[in-house]
Amino acid sequence: MPREAILLVDDEKEIIELMEIYLKNEGYVLYRASNGLEALDRLQSTTIDLIILDVMMPRMDGIQACMKIREKNNTPIIMLSAKSQDIDKISGLSIGADDYVAKPFNPLELVARVKSQLRRYKQLNYRDLAAEDVIAIDDLVINTATHTVTVSEQEIKLTPREFEILKLLAVNQGIVLSMDKIYQEVWNEPFMESKNTVMVHIRKLREKIEKDTQNPQFIKTVWGIGYKMKSAKEV
């Protein structure tokens, strides 16, 4: 059962109670607010996964609240309104709402729309997060979140030091890093004539990820300076 938190914002108690009956049955954690100001206060103190927001409310209506929320927050918003004209729907969607339901509504349809918006939001967030965690250069893929490396879709087992060296080079791809810089960053201590240490780790790393260690595809030697990772833009 899902445990996402949903904020119900409506000044009509009967509408709130109707939504609670159906959404609680789906396992959602529910919070109430009777106007836009209360909704904004709740968002300051509580992590909310989706907002169901009525348009017509006292103190601060749904349109104003939606615009305020969108200044800092991309949480999915489903607008509710007794008005069903197209112009009202367009107004709600144009100021940042993700969906629109006209009152009176079918509670089961509302539940379906809630599930759809939460699924879409999770998928978008997952892709964004995954993109930040993955570095791909040709058929070499480094996942910095899971500490996994694959070449041609085959997982490569690296030691923690080897992984940190590869990650350092990949994050700085195209930039030449000296051996002392690599040592200081990976071993987290001053470089004390430790060239052989770095060279041995680079050699072992190449043996694992390169098809031809004599003509490496990924980790390039810049003679007299250090090493660099091939840029993803290089041919």
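Along strand 8 the side chains take turns between two faces: Val149 and Val151 point to one face and are buried, whereas Thr148 and Thr150 point to the other and are not buried. Here buried means under 20% relative accessible area, with exposed over 50% and partly exposed in between, for a 1.4 Å probe and protein chains only. In a regular strand the side chains alternate between the two faces of the sheet. Strands (E, at least two residues) and helices (H or I, at least four residues) are DSSP runs numbered from the N terminus.

The model is a predicted one, in which local features need pLDDT of at least 70 and side-chain atom pairs count only at pLDDT 80 or more, while totals for chains, interfaces and linings use all residues. Residues are numbered from 1 along each chain as its sequence is written, and side-chain values use heavy atoms, with hydrogens and water left out.

**The sheet around strand 8**

Strand 8 belongs to an open sheet of four strands in the order 6-7-8-9, with antiparallel pairing, where two strands pair if DSSP finds at least two bridges between them. Strand 6 (134–137) and strand 9 (154–156) stand at the edges with a single partner strand each, so one side of each is left without a neighbour in the sheet. From one strand to the next the twist averages 25 degrees; axes are lines fitted to C-alpha atoms, for helices over the stretch in contact, and angles run from 0 to 180 degrees between N-to-C directions.

Strand 7 (residues 140–143) and strand 8 (residues 148–151) pair in the antiparallel sense over four bridges, and three bridges join strand 8 to strand 9, also antiparallel. Residues that stand opposite each other across these pairings include the following.

| Residue | Opposite residue |
|---|---|
| Leu140 | Val151 in strand 8 |
| Ile142 | Val149 in strand 8 |
| Val149 | Ile156 in strand 9 |

The hairpin of strand 7 and strand 8 has four residues between the strands, and in this hairpin His147 takes a positive phi near 55 degrees. In the hairpin of strand 8 and strand 9, with two residues between the strands, Ser152 takes a positive phi near 50 degrees. Helix 6 (residues 160–171) lies across strand 6, strand 7 and strand 8, and runs at about 105 degrees to strand 7.

**The protein as a whole**

The secondary structure comes to eight helices and 12 strands, and buried residues make up 41% of the 235 residues. Among contacts (heavy atoms within 4.5 Å) between residues at least 6 apart in sequence, 55% join residues at least 24 apart.

**Pocket and cavity**

On a 1 Å grid over the protein atoms alone, a cavity is a set of points where a 1.4 Å probe fits but cannot get out, a pocket is an open set with protein on both sides within 12 Å along at least five of seven lines, and lining residues have an atom within 4 Å of a point. Grid points are joined across faces, edges and corners, and a volume is the space filled by probe spheres set on the points.

The largest pocket holds about 370 Å³ of space and is lined by 18 residues, of which Met199, Arg206, Thr221, Trp223 and Tyr227 lie nearest its centre. Helix 8 gives the most to this lining, with six residues. The largest cavity holds about 30 Å³, and its lining consists of Leu18, Met19, Tyr22, Leu23, Phe105, Pro107 and Leu110. Helix 1 gives the most to the lining of the largest cavity, with four residues.
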